[in-house]
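Okay, thanks for making time, everyone. I'll put the structure up and then walk through a few contacts.

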Amino acid sequence: MVKDSKRTVPTGRFAPTPSGEMHAGNLLCALLAYLSVKSKGGRFLVRIEDLDTDRCPRSSADKIIGVLNELGLTSDEPVIWQSGRASVYREKENELGRKTRVYPCFCTRAQLHAAEAPRLSDGGVIYSGACRRLTSQQIAEMSKSRRPCYRVEVPDTEIVFTDLLAGETVQNLKRQCGDFILRRSDGVYAYQFAVAVDDGESGVTEVVRGNDLLSSTPRQIWLMRLLGYTPPAYYHIPLVCDGDGRKLSKSEGDSAARLVGTYPRERVLGYLAYCAGIIESNRAASLEELIDCFSWEKVRRGKILLDKHLLI
């Protein structure tokens, strides 16, 4: 486990999933994460969340790292690859199993979605707990025909935290989340678990990411506390859209690689910083200048609009 002394150094991270190209909104998130921790004199880490290697080719990850490096958003330590950390997750899963209940689940996706269960904001369902009541004999019999995933049983308790952009969030794990998956039936560890372990092991003190991940944060905080980690501070940034308020899409020309490949570094940095509210005019700016003037009070609280016409 990470030593407490490691957390004395402010530590931020950017953790993309390389299932495709980054768009400009992802790049803005990376810049905010970098500026936030560097303005505190801290270290910046890059973690590639490639748990599902079939969906996350190395070529996509290398392209993302290349774009970050072009803007100077380089990792202060070797890039962390989740695909190479299965042994760490296995150790922490065993530790978690000694502290709370982890159980096999044989329910299919079709069964889950056919059930009359409340829906989560990400399209999933709150698990009914059907497999929580299986006997050892039933588990052994069902394992002959189907490999189970593994879920963690959550308590009937509220997780309360204050996001430093979005404000206070309260979530009852049992009623608003339900027992969630730690490890899929194919052996791949789930996002919620891997993120909690990696943030804890890396000594991450602050997380900057999109508002769409806000609802998953209570699960990660709960897991981190169970495993003895101190949860980081969270900044969930608003939705990033184009100049017309449309959600960014790489297919519509919002590719981060295209942006970085077309304009000089400091022009791209200044453009992103201006759209986020960090600087008052749309101009070129260096990373050093942006670090010096960065403040979360300047960052827009509503939609952040990346208007490509501002670059013409």
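**Hairpin, rings and cysteines**

So, let's begin with the hairpin: β6 runs into β7 through three residues. Keep in mind that this is a predicted model. The two strands, β6 at residues 158–163 and β7 at residues 167–172, pair in the antiparallel sense, with six bridges between them. If you want one bridge to click on, take I159, whose partner in β7 is Q171.

Now stay on β6, and we get to the aromatics. How many aromatic pairs does the structure hold? Seven. I'll go through a couple of them. As a reminder, what describes a ring pair is the distance of the centres plus the angle of the planes.

Here's F161 with Y234: the centres are 5.9 Å apart and the planes are at 65°, which makes the pair edge-to-face. F161 sits in strand β6, while Y234 belongs to strand β10, residues 233–237, so this contact ties together parts 73 residues apart in sequence. Buried or exposed, F161 and Y234? Both are buried.

Next up, Y235 and W296. This one is stacked, at 4.3 Å centre to centre with 15° between the planes. Y235 is in strand β10, and W296 is in the loop between α11 (287–293) and β12 (304–306), so here the parts being tied together are 61 residues apart in sequence. Y235 has 8% relative accessibility, so it counts as buried. W296 also comes out buried, because its relative accessibility is 8%.

There's a cluster too: ring pairs link up Y89, Y189 and F193.

Okay, charges over rings. R58 lies over the face of W81, 3.8 Å from the ring centre. Then there's R151, whose charged end sits over the ring of Y127, at 3.8 Å from its centre.

Last topic, cysteines. How many disulfides are there? Zero, going by sulfur atoms within 2.5 Å. C29 is in no disulfide, and its nearest cysteine sulfur, on C241, is 14 Å away. C29 counts as buried, because its relative accessibility is 9%. What about C56: which cysteine sulfur is nearest? That would be the one of C29, 17 Å away, and C56 is in no disulfide either. With 6% relative accessibility, C56 counts as buried.

That's my tour, so over to you.

Conventions: Residues are numbered from 1 along each chain as its sequence is written. This is a predicted model: local features need pLDDT of at least 70, side-chain atom pairs count only at pLDDT 80 or more; totals for chains, interfaces and linings use all residues. Side-chain values use heavy atoms; hydrogens and water are left out. Two strands pair if DSSP finds at least two bridges between them. Helices (H or I, at least four residues) and strands (E, at least two) are DSSP runs, numbered from the N terminus. Buried means under 20% relative accessible area, exposed over 50%, partly exposed in between (1.4 Å probe, protein chains only). Rings of Phe, Tyr and Trp (its six-membered ring) pair if their centres lie within 6.5 Å; planes under 30 degrees apart count as stacked, over 60 as edge-to-face and the rest as tilted. A charge sits over a ring if NZ of Lys or CZ of Arg is within 6 Å of the ring centre and within 35 degrees of the ring normal.
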